Amino acid sequence: MSFSWPWALLALLVIPLVFAVWWLTRLRRRRAAVRVTSIALVRTALPGRSRWRRRIPAALLTLGLAVLAVGAARPQATVPVASSSATIMLALDVSGSMCSTDVQPNRITAAEHAATDFIDSQTGGPRIGLVTFAGTAVVLVPPTADTKQLIGALGGLTTSFGTAIGEGILTSLDAIAQVDPSVAPTGATASRARGAGYADDVIVVLTDGSNNRGIDPQTAARQAADRGVRVFTIGYGTDNPAPLACSSDQFGGFGGGTPVGFGGGGGASNPFDADYAALMKISRTTGGTFYRAEDAGQLSTALARLPDAFTIVRKHIDIASWFAAGGGLLIVAAVALSLWWNRTRRVPPPAKTADR
């Protein structure tokens, strides 16, 4: 908790002042004490109070004054809230190995379904954009809140040669820069100010291979880090060789709809060769997280965990009104209890004696 007006905490000095006035009042009462001849009469006139009944109102009053004094300093609480200005760029690998059938029915189809579910779950939330990369990277859909456009684009993914992970990151950065002026495009020099924190925008890279085209992914990661954009990476697929099989629509770069080997040959298997170390380093450099997904279920789980990591931001909320209400209630309770317990009982008149 922080304070907008910390100097207002000096109001807490009122509490010892109240105690000083109370002590002086008691001292004067003792000096002005009068002697009475009947203690029983005094006990009858005064309300029956125990020691804790005398102390509770004083304690409530003291606490109420303290709460009001803290409220005067305008306390602020730091709470997690959903960010409505975030941009999520999904950079999807569409290299030929995504036709591997080690993930049923194949990697690219399972990825389409998982990404569709993820986009559906974010309806009304952050903007989402799509980038696909193989030998090069292209923006399939710029950041948008149009769920139907995003899902429609996922249904038309086609594979091609190569895996340009670094290009996918840079292309995603440029797409973010188009909608967020605080993020510089890749052609400009950018350096995040120390203490400025991360940008609301993030990149999610899903790949089943290692970079073999274009710019080095670590160079691209450093550019993302300079802009405060975190990159979350997902290493996708298993280590088990499996035939490649995609539909005729998905074989965009291979020109056929029958099972083929990696690279367009006639082989029947394709080992999973994702570079885990490189993916982890990308995430570590940018402040993101690496996830491992060997099947469709793990991929869906990894995507479902992502929003908690980057769509929740911490904001300062003024809670002075809560302290004002709480302090007022405590003081009212103290006064009410004091009046109730200090009410004077009426002394019954002396009994009349019968005349003889």
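In the predicted model, helix H8, which spans residues 276-286, lies across strands E6, E7 and E8 and runs at about 160° to E7. The three strands that H8 crosses belong to an open sheet of six strands, arranged in the order E5-E4-E3-E6-E7-E8 with mixed pairing. At the edges of this sheet stand E5 (137-144) and E8, each of which pairs on one side only. From one strand to the next, the twist averages 15°.

Within the sheet, E3 and E4 run parallel and are joined by seven bridges. Two of the residue pairings between these strands can be named: Thr 87 stands opposite Arg 127 in E4, and Asp 93 has Phe 133, also in E4, as its bridge partner. Strand E4 is mostly covered, with six of its seven residues buried.

The largest nonpolar core of the model comprises 37 residues, and those with the most contacts inside this core are Leu 90, Ile 234, Tyr 236 and Leu 299. At least two residues of the core come from each of the strands E3 (87-93), E4 (127-133), E6 (202-207), E7 (230-236) and E8 (290-293), and likewise from each of the helices H4 (107-121), H5 (147-154) and H9 (296-310). The helix H4 gives the most to this core, supplying seven residues. A further core of 23 residues lies apart from the largest one, and includes Ala 91, Ala 175, Ile 203 and Ile 282.

The surroundings of two of the highly connected residues can be described in greater detail. When residues up to four places away in sequence are not counted, Ile 234 touches Val 204, Val 205, Leu 206 and Thr 207, together with Leu 279, Tyr 291, Ala 293, Leu 299, Ala 302 and Leu 303. Tyr 236 lies in strand E7 and counts as buried, because its relative accessibility is 0%. Although Tyr 236 and Leu 299 are 63 residues apart along the chain, their C-alpha atoms are separated by 7.5 Å.

Helix H6, covering residues 165-179, has 15 residues and reaches 22 Å from its first C-alpha to its last, which is close to the 21 Å expected at 1.5 Å a residue. This helix is mostly covered, in that 11 of its 15 residues are buried. The buried residues of H6 are Ile 165, Gly 166, Gly 168, Ile 169, Leu 170, Thr 171, Ser 172, Leu 173, Ala 175, Ile 176 and Ala 177. Of these, Ala 175 is also among the residues of the 23-residue core.

Turning to charged side chains, side chains of opposite charge can pair when their charged atoms come close. The model contains four salt bridges, counted on a 4 Å limit between side-chain nitrogen and carboxyl oxygen. One of them joins Arg 107 to Asp 102, with the closest N and O atoms 2.8 Å apart. Arg 107 also meets Asp 208 in a salt bridge, at 2.6 Å from N to O. Asp 208 lies in the loop between E6 and helix H7 (217-226), whereas Arg 107 lies in helix H4, so the pair ties together parts that are 101 residues apart in sequence. Asp 102, Arg 107 and Asp 208 are thus linked in a network of salt bridges.

Each member of this network falls below the 20% limit of relative accessible area that defines a buried residue. Arg 107 counts as buried because its relative accessibility is 0%, and Asp 208 is likewise buried, with a relative accessible area of 0%. Asp 102 counts as buried at 19% relative accessibility, a value that lies under the 20% cut-off.

A salt bridge is also formed by the side chains of Arg 292 and Glu 294, with a separation of 3.4 Å from N to O. Here both partners are partly exposed: Arg 292 has a relative accessible area of 25%, and Glu 294 has one of 35%.

Methods: Residues are numbered from 1 along each chain as its sequence is written. This is a predicted model: local features need pLDDT of at least 70, side-chain atom pairs count only at pLDDT 80 or more; totals for chains, interfaces and linings use all residues. Side-chain values use heavy atoms; hydrogens and water are left out. A nonpolar core is a set of buried Ala, Val, Leu, Ile, Met, Phe, Trp, Tyr and Cys residues joined through side-chain atoms within 4.5 Å. Buried means under 20% relative accessible area, exposed over 50%, partly exposed in between (1.4 Å probe, protein chains only). Helices (H or I, at least four residues) and strands (E, at least two) are DSSP runs, numbered from the N terminus. Contact means heavy atoms within 4.5 Å. The expected span of a helix is 1.5 Å times one less than its number of residues. Two strands pair if DSSP finds at least two bridges between them. Axes are lines fitted to C-alpha atoms, for helices over the stretch in contact, and angles run from 0 to 180 degrees between N-to-C directions.
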